[in-house]
Amino acid sequence: MKLLRYGPVGQEKPGLLDASNTLRDLSGVVADIHGDTLSDTALAKLRAIDPATLPAVGGQPRIGPCVGRVGKFICIGLNYADHAAESGAAIPTEPVVFGKWTSAICGPNDDVEIPRGSTKTDWEVELGVVIGKPAKYITEAEALDHVAGYCVINDVSEREWQIERGGTWDKGKGFDTFGPIGPWLVTRDEVPNPQNLTMWLDVDGKRFQNGNTKTMIFTVAQIIAYLSRCMSLQPGDVISTGTPPGVGLGIKPTPVYLKAGQTMRLGIEGLGEQQQTTVAA
């Protein structure tokens, strides 16, 4: 299934994209797409519904983040060897973990704000993992059973605040609008192998990132198992699993960064596409 949320900011309704790409309203069935509706049992009930019996949604409504009420937004850094190299960083021996504030979350096509005074705002296409079943001290073999589904994430980053201003990466990762999620949550039955998905990102029509999840240093299963040893994972938690090479920071000889008025377009095989316009905060 492809589950999504649509409507004005803060008033999103749950929806489903059927096989003909028609948006169907799920608000008569569930209140929202969030932790309570992401268990295997809850998803099985949704899967049993004939989409044709659900009201079709007309027009072109805004698409919101595909998950509501996110409890934790956890990110993995330097998880592609070639991206670590372009960033001038050593290959990590354990996952690099940091957080994005949930206030950074926005819809997949919402505007992305360039922070005031920023000259180093960057892009990162990433595979998002949405937890569907609580996980604590689980093994790699069990890990993917705890996944509700997958989505596209743009881990927008302000490199000066991330790298040059002391402290942890979180400061440069958590500005408002720095976490576009969606357009939809694709349930795990439609993604049999999350380690072989092509991914890409363009800025103003120029291809900067072109990668595949098969080059991850730590697999999705390894990441989930690792995180479950240092925190419990709850349904609705979102994990962003790292980016392939081609970020602005890594461009030689001179890095390239975003400015207001540009367009980012990005996608992952089978998970849909996003498009954001950058604006001044």
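## Close-up views of the predicted model

**View 1. Pro-183 sits in the loop that links strand S12 (179–180) to strand S13 (185–187).** Strands here are DSSP runs of E with at least two residues, helices are runs of H or I with at least four, and both are numbered from the N terminus. The model is predicted, so local features need pLDDT of at least 70 and side-chain atom pairs count only at pLDDT 80 or more, while totals for chains, interfaces and linings use all residues. Residues are numbered from 1 along each chain as its sequence is written, and side-chain values use heavy atoms, leaving out hydrogens and water. Look at the bond just before this proline: Gly-182 and Pro-183 are joined by a cis peptide bond, with omega about 20 degrees. A second cis bond joins Lys-252 and Pro-253, where omega is about 0 degrees. Pro-253 also belongs to a loop, the one between strand S16 (238–240) and strand S17 (263–268). As background, most peptide bonds are trans, and most residues other than glycine have a negative phi.

**View 2. Asn-21 and Thr-177 are non-glycine residues with positive phi.** Asn-21 has a phi of about 65 degrees and lies in the loop between strand S2 (13–17) and strand S3 (23–25). With a relative accessible area of 59%, Asn-21 is exposed; exposed means over 50%, buried under 20% and partly exposed in between, using a 1.4 Å probe and protein chains only. For Thr-177, phi is about 75 degrees. Its loop runs between helix H5 (170–173) and S12. Thr-177 is buried, at a relative accessible area of 11%.

**View 3. Nine strands build an open sheet of mixed pairing.** Their order is S3-S2-S1-S13-S10-S9-S16-S4-S5, where two strands pair if DSSP finds at least two bridges between them. S3 and strand S5 (96–99) stand at the edges with a single partner strand each, so one side of each has no neighbour in the sheet. Ignoring direction, neighbouring strands of this sheet are turned against each other by 30 degrees on average; the axes are lines fitted to C-alpha atoms, for helices over the stretch in contact, and angles run from 0 to 180 degrees between N-to-C directions.

**View 4. Strand S10 pairs with S9 and with S13 inside the nine-stranded sheet.** S9 (residues 125–131) and S10 (residues 147–154) share seven bridges and pair in the antiparallel sense. Val-125 faces Asn-154 across this pairing, and Val-130 stands opposite Gly-149. S10 and S13 also run antiparallel, joined by two bridges; here Gly-149 stands opposite Thr-187 of S13. Eight of the eight residues of S10 are buried, so the strand is largely enclosed by the rest of the structure.

**View 5. Helix H6 (residues 220–230) lies across several strands.** The strands beneath this view's helix are strand S4 (73–77), S5, S9, S10 and S16, and H6 runs at about 55 degrees to S9. Which residues of H6 are buried? They are Val-220, Ala-221, Ile-223, Ile-224, Ala-225, Leu-227 and Ser-228. Their cover includes S4, S5, S9, S10 and S16, together with helix H3 (140–143).

**View 6. Val-203 is a buried residue of strand S14 (residues 198–203).** Its relative accessibility is 6%. Setting aside neighbours within four places in sequence, Val-203 is in contact (heavy atoms within 4.5 Å) with Trp-123, Phe-208, Leu-258, Gln-262, Thr-263 and Met-264. Val-203 and Arg-265 are 62 residues apart in sequence, yet their C-alpha atoms are 6.5 Å apart in space. S14 and S17 run antiparallel and are joined by five bridges, with Val-203 opposite Met-264 of S17.

**View 7. Five strands form an open sheet of mixed pairing that holds S14 and S17.** The order is S7-S18-S17-S14-S15. Strand S7 (112–114) and strand S15 (206–212) are the edge strands, each pairing on one side only. Neighbouring strands here are turned by 20 degrees against each other on average, direction ignored.
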